[in-house]
2 protein chains.
Amino acid sequence: MPALTVFNHVSLDGFFAGPRGEIDWFKTIRPDDEYFAYTHRQAEAGGTLVFGRVTYQMMKSWWPTEAARASDPLMARVVNANPKLVFSKTLPEQEDEPNWKNVTVVREIDPDELARRKTSSKTGLTILGSGSIVRELTKRRLIDEYRLVVVPVVLGAGKSMFEGIGETPLSLADAKTFGNGIALLTYRPV
Amino acid sequence: MPALTVFNHVSLDGFFAGPRGEIDWFKTIRPDDEYFAYTHRQAEAGGTLVFGRVTYQMMKSWWPTEAARASDPLMARVVNANPKLVFSKTLPEQEDEPNWKNVTVVREIDPDELARRKTSSKTGLTILGSGSIVRELTKRRLIDEYRLVVVPVVLGAGKSMFEGIGETPLSLADAKTFGNGIALLTYRPV
C-alpha cells in the first residue's frame, strides 16, 4: 500500500534547517554519483508531495524559475508537475504560477481524509521539509516511514522536525551509506 | 597513535540526554547480544575515561555501588578501575570513594597537555556524556573521532553535545547497525 513518507536531510545534530530555516548547509554535500542517482530515483518515484506553508513557499519561489530548471532539470520537472498537497490556513485555494501545477490546499489535518488520499494514490505521499507538519503527523502517528538523509555536518543550532513531541520509539528499517559520507537511515513507527 | 574519542548514545533527534540530563530513555534499547558484546569490547579497550563534572558526578554516584556491580560487573570494573580525567573548576583534587580509583582533576582545557596525555596513553582517551566538554574540544578541533550510537527513539527535547558551535563538517568513517535498531555512526574531523 502506498505510504506517507518523510524524506528529509538532517544535520548530524538533528536539524532539518538552520535557526531561520536556512538550507545553505546543503552545499556541504559532496558530489557523489550514487547519491545523486538515489535522490533522483526517489524524486521520480514521486507521488504526491506534501508541505507545510513555509516549505511550500520556499519550494514555489525556486523550482518554477529558469535557474532551477537549468540547474536540476529532472528535479524541477518532478516538483513543478507532481501533485502537491499543502497544509495552510492562510494560502489562497488557487495558485497562479503557470509552471507550478496540481496544487491542493488543505486547511486542517484530517486523518480520515489523509487515509483516503493514501489509498487512492498509486505512488504514495512524500513530505519534504515542513517541520511543523511532520511534528503534527508524528504526534498523531500518521507517518509510515521516515527517511533521514544524515548529512555529515554539525550545525550547532536549527529547527528540529520533532521539537516538543514526547518520547517516541521508532524502528530502524534500513541503513545505507554513500561515498560522500551521507548516511540514509529509514525508520518506521513501532 | 591513541586517539581522543567521543563515545555517546544519542537520540534520533540528536540529544545525548533529556532536558534535565535524563538518560532513562536508554531503557528503550532492546537487548541484543551483538550490541552488548560491542559495548563491552569498547569498554574493555578502555583507556582513560574523560568527563565534565556533571557526567562525572552521575557516574560516580552509580558505578561504585553494589547495585551497579551486580547489574553489569564488567562495565563496573572498567569504569571504577580505569584512569579518569575530569575537567572541573570546583571538584576537590582528591576523591575519597574507595571503589573509585585513578582520578585526575584538571581545571582547564590545555591543548598541549591533552596532546601529551594522548601520546603517553597506550589505549587512548574516551569521552562519555559530558556535552560541555565535547563542545569545547570540538570548537578547538581536539577530538579525533566521534562514535555516535543512534538509539531509535525521538526525545523531542534535550541536551545536544554540539549546541552553539558553528557549522562544522565532519567525515563519515564507518557505519554499522545492530539487530536492535541501533545505528553506530563514526565521524572524524575533515
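# A walk through two matching chains

In α2(A), the buried residues are A:Thr55, A:Tyr56, A:Met59 and A:Lys60. Seen down the axis of α2(A), these buried residues fall within an arc of 130 degrees, so they line one face of the helix. An α-helix has 3.6 residues a turn, so residues three or four places apart point the same way. What does this face of α2(A) pack against? The buried residues meet β2, α4, β3 and β5 of chain A. This model is predicted.

Now follow one of those partners, α4. Helix α4 of chain A covers residues 73-81, and A:Ala76, A:Val79 and A:Asn80 are buried in it. Down the axis of α4(A), the buried residues fall within an arc of 95 degrees, so they too line one face of their helix. Their cover includes β2, α2 and α3 (66-71) of chain A.

Next comes α6, residues 131-139 of chain A. Its buried residues are A:Gly131, A:Ile133, A:Val134, A:Leu137 and A:Thr138. Viewed down the axis of α6(A), they fall within an arc of 165 degrees, so they line one face of the helix. Among the elements that cover them are β1 (4-11), β2, β3, β5 and β8 of chain A. After α6(A) comes A:Arg141, with a positive phi near 55 degrees.

Strands have come up several times, so turn to the sheet.

Which strands form the open sheet, and in what order? There are nine, in the order β4(A)-β3(A)-β2(A)-β5(A)-β1(A)-β6(A)-β9(A)-β8(A)-β7(B), with mixed pairing. The last name in that order belongs to chain B. The edge strands are β4 (103-106) of chain A and β7 of chain B. Each of them pairs on one side only.

Look at one pair inside the sheet. Strand β2 (residues 48-52) of chain A runs parallel to strand β5 (residues 125-128) of chain A, and three bridges link them. Within this pair, A:Leu49 has A:Thr126 in β5(A) as its bridge partner. Helix α2 (residues 53-62) of chain A packs on the sheet and touches β2, β3 (84-87) and β5 of chain A. The direction of α2(A) makes about 115 degrees with that of β2(A). In a regular strand the side chains alternate between the two faces of the sheet.

Go to the other end of the strand order, where the chains meet. β8(A) and strand β7 (residues 153-154) of chain B run antiparallel, joined by two bridges. Here A:Thr168 stands opposite B:Val154 in β7(B). The reverse pairing is there as well. β7(A) and strand β8 (residues 168-177) of chain B are antiparallel and joined by two bridges. In that pairing, the bridge partner of A:Val154 is B:Thr168 in β8(B).

How are the two chains related? A turn of 180 degrees and a shift of 0.0 Å along the axis lay chain A on chain B, with an RMSD of 0.0 Å. That is the relation of a two-fold axis. The same surface serves both copies, as 100% of the contact residues of chain A recur in chain B. Which residue of chain A comes closest to the rotation axis? A:Gly14 does, with its C-alpha at 2.4 Å.

Consider the contact as a whole. In chain A, 29 residues are in contact with 29 residues of chain B. The elements of chain A that give two or more residues to this side are β7 (153-154), β8 (168-177) and β9 (183-189). The largest share, seven residues, comes from β8(A). By class, this side of chain A has 16 nonpolar, 10 polar and three charged residues.

Finish in chain B, at β8 and its neighbour. β8(B) joins strand β9 (residues 183-189) of chain B through seven bridges, and the two run antiparallel. In this pair, B:Ala175 stands opposite B:Leu185 in β9(B). The two strands form a hairpin with five residues between them. In its turn, B:Gly181 has a positive phi of about 85 degrees.

One residue of β8 in chain B deserves a last look: B:Pro169. Is B:Pro169 buried or partly exposed? It is partly exposed, because 17 other C-beta atoms lie within 10 Å, and a buried residue needs 20 or more. Leaving aside neighbours within four places in sequence, B:Pro169 is in contact with A:Thr28, A:Pro152, A:Val153 and B:Val190. B:Pro189 lies 20 residues from B:Pro169 along the chain, yet their C-alpha atoms are separated by 7.3 Å.

Key:
Residues numbered from 1 in each chain as written. Chains lettered and ligands numbered in written order. Predicted model: local features only at pLDDT ≥ 70, side-chain atom pairs only at ≥ 80, totals over all residues. Least-squares fit on C-alpha atoms with pLDDT ≥ 70 in both. Contact = placed C-beta atoms within 7 Å. Helix = DSSP H or I, 4+ residues; strand = E, 2+ residues; numbered from the N terminus. Nonpolar A, V, L, I, M, F, W, Y, C, P; charged D, E, K, R; others polar. Pairing = 2+ DSSP bridges. Axes fitted to C-alpha atoms, helices over the stretch in contact; angles between N-to-C directions. Buried ≥ 20, exposed ≤ 12 C-beta atoms within 10 Å, placed from the backbone. Arc of directions from axis to C-beta.
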